[in-house]
Amino acid sequence: MAGRLTANAIAAVNGGDLDLKPVVQVLDLKRIAQPQERYGAMVSDGSAAQQALLAVKFNEAAKSGAVRSGSVVQLLEYVCSTVKNQRIIVILDMKIIIRDCETIGNHKLHPEFASETLDLSSSRNFGNSRVQSLVPAAKLVSSSAMNSGNKVQNFNVQSFYRPPSNYKSYGAIMKNEAPARVIPIAALNPYQGRWTIKARVTAKGDIRRYNNAKGDGKVFSFDLLDSDGGEIRATCFNAVVDRFYEAVEVGKIYLLSKGSLKPAQKNFNHLNNQWEIFLEATTTLECCPDEDSSIPTQHFNFRQIIDIENAENNSIIDIIGIVESINPSVTILRKNGMETQRRILNLKDVSGRSVELTLWGDFCNREGRQLQEKLDSGLFPALAVKAGKVSDFSGKSVGTISSTQLFIDPDLPETYVLREWFDGGGKDAASHSISKDMMPGLALNDSRKTVSQIKDEGLGRGNKPDWVTVKATISFIKTDNFCYTACPLLIGDRPCNKKVTRLASGNWCCDRCSKEFEECDYRYLLQAQVQDHTGVTWVTAFQESGVEIIGCSAKELYQLKHQEHDDKKFGDIIRRCLFEQYLFRLKIKEEHYGEEQQVKITVVKADKVNPSMESKYLLDLIGKLCT
């Protein structure tokens, strides 16, 4: 049986041979009590044994018993790491040859473990080279092996060990002088002692200043992509920023070595990697002068717009679509008193859905201006969004964040598919917007109701709101309080919008933000009566739907009534809205007011009835009734 194991494998691996792919036996498999569950073991080549650590992907195999004490395995991918001046084999990939086998050979522990070894039950972090306790190696191996039921043959633990003669030319085993080889980003883990990755910089952030309990500092990050599609973020702090910021250029390929890996902060890091590289004083970053076509310039994981309906709020996604329209930039006042720009555009794709994309800050004047020029010239550009943030405020929308990247008419297969669809009829095809009028779980026109059905069917009285479409006419609008004064400050990436009060100084004050400002926003709060052939009901229309009904902003209407006192023009605007037929998207929900319960009906979107589209809907409905 001893012939099944690779002779002198332990010494060879420690000598720097990472291509041997040896066959070894697993001994003393144990779970390590770390913040992240891992399994450690002794591995033996029949004559020498050494501590090993299994990659996370083998946790299930260890739990299920697919790999256990006594298993014979072949190491396919592995590295050696030094912890507390002791060597550990980190097994990245392996093949299970024999699931259960008697102990093979007579074992001598590697010299670094002759007198002491790492306690596999340690709750400390191996990646930080901290060890909770040390136990005699002979005791750890022999007791565990006896408990496993294997027949242990003559464990003779010696205090001194010489490597076989054929490895003498390698020098001392503890000193690994082999050059660090290039490994995939996906294989990186904190337990590796030496590594190098070859990757392209796909994004580079600006230098940010911060202040905390340790004092002032600065930081910047950049994203890396390798030929296997692996992505990881690299971060520099303080003096390391000065060393690498100018050297890093987006689009170039680098060899990166000697950094520390720590868990990625998912609140700020959207890449599909659990680790993040922190560059240090010893880090080397070497630019590759030759272009490597095997490394793509960018990696996308596109999702169709229809999939955003079920995406979680604040999730980060990649999308691509055709820009149908774009609004002018507007100035927004942030909570910290600083101003920023906001610009909203509309994207549609082959899924038959469209979505609002909100551009913030420099995106408005940079990519936003380019898109505006293309639309003004009659072109409908394709836009790829890398790392957009999903918002579920009044329907689903997508917004830019600091790490977002926008690509106009990118050279991608998805672009050509979109363009062929759009030019072949997609331009004129109707699309359903998932922004502001989203009705979860319901397709367009599937929720058409009459006014009387709202009460007769008890809509809105369940645990969740009901979303319906009603074709009705506005018969009356209250004009005494049709809007309110709102806070314009930004909380995160959206305006506060809370009601504000005017101070004696003439400034406005928001209790929520505890800030004063000279100008406030005016937002619609319309109370309207709508009716169809079955009945009458009251509805409330807020800002966006209010603009769709009235046709102008709340501030313009407020100035007409209260500042210019132009009652005639004000009355004409209101009268134009009356007895106009709309398709109202309504949200119906029962709410509590003190001890009373009332069903509140909110207009999410108001579209004037398109005779052609409505006729098609009615004909389709007749066809369904006849079948």
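In this predicted model, Thr404 is placed in the loop that runs between strand E20 (397-399) and strand E21 (405-408). With a relative accessibility of 5%, Thr404 counts as buried, since the cut-off for that class is under 20% relative accessible area. The side chain of Thr404 takes part in two polar contacts with backbone atoms: a polar atom of this side chain lies 2.6 Å from the backbone oxygen of Ala387, and the side chain also reaches the backbone nitrogen of Ile401 at 2.8 Å. When neighbours within four places in sequence are left aside, the residues in contact with Thr404 are Phe363, Val385, Lys386, Ala387, Gly388 and Gly399. Ala387 therefore appears both in this list of contacts and as the residue whose backbone oxygen lies 2.6 Å from the Thr404 side chain, a contact being defined by heavy atoms within 4.5 Å.

Side chains of opposite charge can pair when their charged atoms come close. The count of salt bridges in the model comes to 25. One of them joins the side chains of Arg448 and Glu614, with an N to O distance of 3.2 Å. This pair links distant parts of the chain, given that Arg448 belongs to strand E23 (residues 448-449) and Glu614 to helix H13, 166 residues apart. Both partners are classed as buried, Arg448 at 19% relative accessibility and Glu614 with a relative accessible area of 7%; the value for Arg448 falls under the 20% limit that defines the class.

Lys449, which also lies within the residue range of strand E23, forms a salt bridge with Glu457, and the closest N and O atoms of that pair are 3.0 Å apart. In this case the two residues are partly exposed, with a relative accessibility of 24% for Lys449 and a relative accessible area of 39% for Glu457.

A further salt bridge is formed between Asp572 and Lys568, where the closest N and O atoms are 3.4 Å apart. Because these residues are four apart in helix H12 (residues 567-577), Asp572 and Lys568 are separated by about one helical turn. Their accessibility classes are not shared: Asp572 counts as partly exposed at 27% relative accessibility, whereas Lys568 counts as exposed at 62%. In addition to these pairs, Lys374, Asp409, Arg419 and Asp423 are linked in a network of salt bridges.

Helix H13, which holds Glu614, spans residues 611-626 and also includes Leu618. Leu618 is partly exposed, at 37% relative accessibility, and together with Leu621 and Leu625 this residue forms a nonpolar patch on the surface, for which the joint accessible area is about 280 Å². Helix H13 thus carries the buried residue Glu614 as well as the partly exposed Leu618.

Turning to strand pairing, an open sheet is formed by three strands in the order E28-E29-E30, with antiparallel pairing. Strand E28 (501-502) and strand E30 (515-517) are the edge strands, each of which pairs on one side only. Between E28 and strand E29 (residues 508-510), the antiparallel pairing extends over two bridges, and Cys509 in E29 is the bridge partner of Thr501.

Terms used. Residues are numbered from 1 along each chain as its sequence is written. This is a predicted model: local features need pLDDT of at least 70, side-chain atom pairs count only at pLDDT 80 or more; totals for chains, interfaces and linings use all residues. Side-chain values use heavy atoms; hydrogens and water are left out. Two strands pair if DSSP finds at least two bridges between them. Patches are made of residues with over 30% relative accessible area and no salt bridge: like charges are joined within 9 Å, nonpolar side chains (Val, Leu, Ile, Met, Phe, Trp, Tyr) within 5 Å. Accessible areas come from the Shrake-Rupley method with a 1.4 Å probe; for residues, only the protein chains shown count as cover. A salt bridge is a side-chain nitrogen of Lys or Arg within 4 Å of a carboxyl oxygen of Asp or Glu. Buried means under 20% relative accessible area, exposed over 50%, partly exposed in between (1.4 Å probe, protein chains only). A polar contact is a pair of N or O atoms within 3.5 Å; within protein, one must be able to donate a hydrogen and the other to accept it, and residues adjacent in sequence count only if both atoms are side-chain atoms.
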